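Reader: I am new to this structure and would like a close look at a single part of it. Could you take me through one chain, beginning with how the chains meet?

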Amino acid sequence: MTAVLRVKGLEGGYGRLTVFRDVGFQLQAAETIGLLGANGAGKTTLMKTLAGAQPAARGTVELAGRDVSRLSAYQRARGGLALVPEGRHVLATLSVQDNLELTRAIDGHRVGLAPFEERVAEVYALFPRLKERAHQQGGSLSGGEQQMLAIARALLLKPDVLMLDEPTQGLAPIIIRSLSETLKGLRGRFAMIVVEQNKAFLEGLADRVLYMRAGNLTEGAQV
Amino acid sequence: MNLFTQAVISGLMIGAVYAFLGIGLVLVYRTARILNLAHGETFAITGVAAALLVKAGLPLLPALGLSLAIALGFALSLHRFVLRPRADWPAGTLILITLGAAFVVRGVLILAAGTDPVSFPALFTGVPLRIAGGVIPPQGIALVVLGFGVSAAVGLYLSRTRSGKQLLAAAENPYAAELAGVNVERARLTAYGIGAILGGLAGVLLIPLIAVDFQSGLAMTMRGFIAAAISGMSPVGVLFSGIGLGLFESMVGAYLGALYQDPVMFFLLILVALWQSRHIRFGGTRRA
Amino acid sequence: MKLALWVLVTAIVIALPYTGVLPAWTPAQATVAALTALSLLGLNLIFGITGMLALGQAAFTAIPGYAAGILEKQGMPGLAAIGIGIVVAVAIARVVAEIFVRLPGIYFAIGTLGFAFVVEGVARAFPSLTGGASGLVLVAPIALSRDTWYAVAIAFLLIGIATFHFTVRGRFLRTLQLVRHDELAAQVLGINVARVKANVFTIGSAYSAVGGVLLAYYVGVLSPESGGVNASLESLAMVIIGGAGALLGPVVGAAGVQWLFAVAGGAQHYELLVYGLGFFLVVLFAPAGIMGFFARRKSQVAPAPTVVDAPRPANREGVCLRVENVAKHFGGLHAVDGVSFEVRFGQIVALIGPNGAGKSTLFNCISGIETLSAGRVVLEGTDVSAAPIHRRAGEIGRSFQVPRLVPEMTTLDNVAARLDHLARFQGDPYRTAHVQLAAFGLDAFAERPVREIGLGFHKLIELSRASAGEPPLLLLDEPAVGLTTDEVSRLASALQRLRAEGAAILVVEHNIDFVATIADEVVVMESGRLIARGTPASVIADPAVQEAYFGALA
């Protein structure tokens, strides 16, 4: 199986501050990996850099064999590398439906894509709560519902790789439980990277775990 | 000659201009999150450039086209080369940069055209229309009609089209929009572009009726802001507040005299400020 | 030694116009520059230090001259007229400030811009009073020679610089920096932001008025443009080019630009472009201006004192915070719907609940960021329901989900700023701040600007700031979010220590392990209401809470 995501020698940070260096790993097509690490270790910066929201100082990112290192965030999103960001970042003044419709930007950029109506129906089937609130404003949703919306939005991009940055942050335990079920249900459909501080969340979800420590990435044991 | 009707006519014409400027200001404010104090300069640049080109012998249409292009180029360059690379600078500094740009434009315009107001021929000529005791030239009619029409079009664009909704998304949270696959940079450029074209269009239509000088840019920006503030930064509402502002100013000019227009405008701004502060208890401030 | 050097340099600078060393730098030029610089000290205070976008400041340089001239024509003696003119200008400045300072900064910017438009317009429109476009002729009440004028100008400028230097420092400077950087944080620390801004604008306009009226009488004629938009923009340009926020920025700016124009001569029409380019390029590429190349930001720090135990506040017992039937409605949405509970001194209460339950809104109601729709908030026996944020700040130490620190200030200054505005605090802010930082293990960071310190420490710094001065009540909004297990246990220890010292602590949290470790009592909210209250163990076992918050499989 060829790796769907290949990262080599990646270095990134803010301005002159290097947050991580020489990061490299590979992800297989149906694999789910967890990424653990302390605050300030650079996990979120790494995710943002992989997604293209932040420029890398050095290194390459290959998605399904294509070098995407020079592409900007929206191009990578359209190309199948989707990030569910830390803090969810749902558009508060747009309705749930409008939030989802933003992803229509990929129509015409990908081959063999089902029509949007079909894709959205699929996502609503997965998250019936969202369907109920389809015309409600994003800002009026609860934290758990916003998390669902953020994931739904990423799923609509039909990603080859789905990255989730601290999806349990700020959520009540009951919601975390249901989130865990949802993500376990998505295993195998595509490659997933789940960044978390909550190690327990990764149990049963991740095939293997990577550790981020002071800007360096190391492999861990099987979970 | 009915003073009231004439004042209403002038008010609608200048109000359309304020609406144009207000819409552009709101769009840029919402997508780029800064208040572009150089916004009104597109009006002044278009006007002065057209006047000079026409004086140099260029036929009207090419002169107008070229002037609009220059104004558009200015706005897009300001965004692309000056503001975008500094997107993470504090908002106050970015506003200051736009002020600096306005300042530079002023300096260039005074060199190019001196201190006296300049103008150029109208696009729409013909017999003025007499209505209810007032007179409105064809250019004026075009201005009012286009004022409503274009504003409505922009409103529809934002709320109904995919591209418009992407612009609003990019305005609210560029990071989220980007991750959803929206080309945020293009959305921003579109906003600047629309703003610049509206400002330039306002110039093309109004300046043959009321001449422009090197100072007009900031004066227009200020009025555009007042219109935008009254409407609460709403792209649709600003059409009405712009027209309202124009009518008000025109009435003041007609019944009190042109000299009173600026002070009354300022007074209106004070009223808007007091109204916006009404919920704030003593000692508090409103978070932006 | 340093003082002697400054005196020498100043003497040289003052003597310069007489030496002929610098071409075109005559005493006349220098007088104009000095008086301009005096006015610009005001703009520097308002804009350079406090960050207020005053786009019409030239108006306040012109108003006193016009007022004085008009009064003189009515027969008032010159000196009195000048005095009254200055008072009039300052009074108008106060009024303008009061109108706009409560709103976001852009209103202030447009408001001051509009004011300059109006002043210039009015000056032009009433020639009988103001001389109209040709200007108002002003004759100095005491005829002064060229050299005496120069001496007067230098004297006033030196006084201006001295007063500036001795007032804008320490506590006042920290306050202004906070206002400039983060108004909400400033309010939460007890600063009445609107009043500070209004005062700053008034003081700054006083400098503008004095400098402006002296200049007007020196030149002998006052034109409408001198109070208008172009002149205001040019003033701003000089402050920026010289160095906004630097003490000598206005002097360097005024003198430098003045001299440049004197040397270059040239057509008047180029003036605006040169100013504009200077403004634009400096803001883009060298935001600290000319003085930025010389100054290095040094912290206002005193040497670290020996650690002294802070005196324990007396009478910390009983109920500290009482929330009585508090409700907050946003239209039809009942974010908080009749919540009552209390927090005692020496007690940690955790507020938990699903997202959207109303916890943040309740917090904002307690600290004053939101007004109440119903009910009361009683703090130490006093009903504070109607008190604005900064008035409650003395009793409440608040931390935010995302820390609100001032990046340019040192850690020490950030913490000291809290003590600056604590009414009942008697000690030395620096000393106490040092002690506070040491208690949290942060003293290594004391003299470093916060922007150089990793984000992972910001929460702890903010907590040390919030608890500085030992406020009776601590409101902590998700303090453990984003912290590693080690950092969380350090946080827990800190909170336990604060509890032992008698503080009442109310914490919003999701981290149940953390809550179970430190909380004496847990209060559970759902959909705006309280659904459970009790010890951590009993609340966690409560079936209603289980269903709403933990999920059926506990």
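Author: Before the chain you ask about, a word on the contact between the other two: 16 residues of chain B are in contact with 23 residues of chain A, where contact means that the C-beta atoms of two residues, placed from the backbone, lie within 7 Å. On the side of chain B that touches chain A, α6 (162–172) and α7 (174–179) of chain B each supply at least two residues, helices being DSSP runs of H or I of at least four residues and strands runs of E of at least two, numbered from the N terminus.

This is a predicted model, in which local features need pLDDT of at least 70 and side-chain atom pairs count only at pLDDT 80 or more, while totals for chains, interfaces and linings use all residues. Residues are numbered from 1 along each chain as its sequence is written, and chains are lettered from A and ligands numbered from 1 in the order in which they are written.

Chain C is the part to look at closely, and its contact with chain B takes 44 residues from chain C and 39 residues from chain B. Among the elements that give two or more residues to this side of chain C are α4 (78–100), α5 (105–125) and α10 (193–219), and α5(C) gives the most, with 14 residues. The residues of this side divide into 32 nonpolar, nine polar and three charged, where Ala, Val, Leu, Ile, Met, Phe, Trp, Tyr, Cys and Pro count as nonpolar, Asp, Glu, Lys and Arg as charged, and the others, Gly among them, as polar.

Within chain C, the domain assignment, automatic or from a database, gives domain 1 (24–227) and domain 2 (319–550). Their C-alpha centres lie 43 Å apart, and 15 residues of domain 1 are in contact with 18 residues of domain 2.

Helix α7 (residues 146–167) of chain C holds Leu157(C), which is buried, with 24 other C-beta atoms within 10 Å; the term asks for 20 or more, whereas exposed means 12 or fewer and partly exposed lies in between. Leaving aside neighbours within four places in sequence, Leu157(C) is in contact with Ala34(C), Ala37(C) and Leu38(C).

Chain C also has an open sheet of four strands, in the order β4-β3-β6-β7 with antiparallel pairing, two strands being paired if DSSP finds at least two bridges between them. Because β4 (333–344) and β7 (382–383) of chain C stand at the edges with a single partner strand each, one side of each is left without a neighbour in the sheet.
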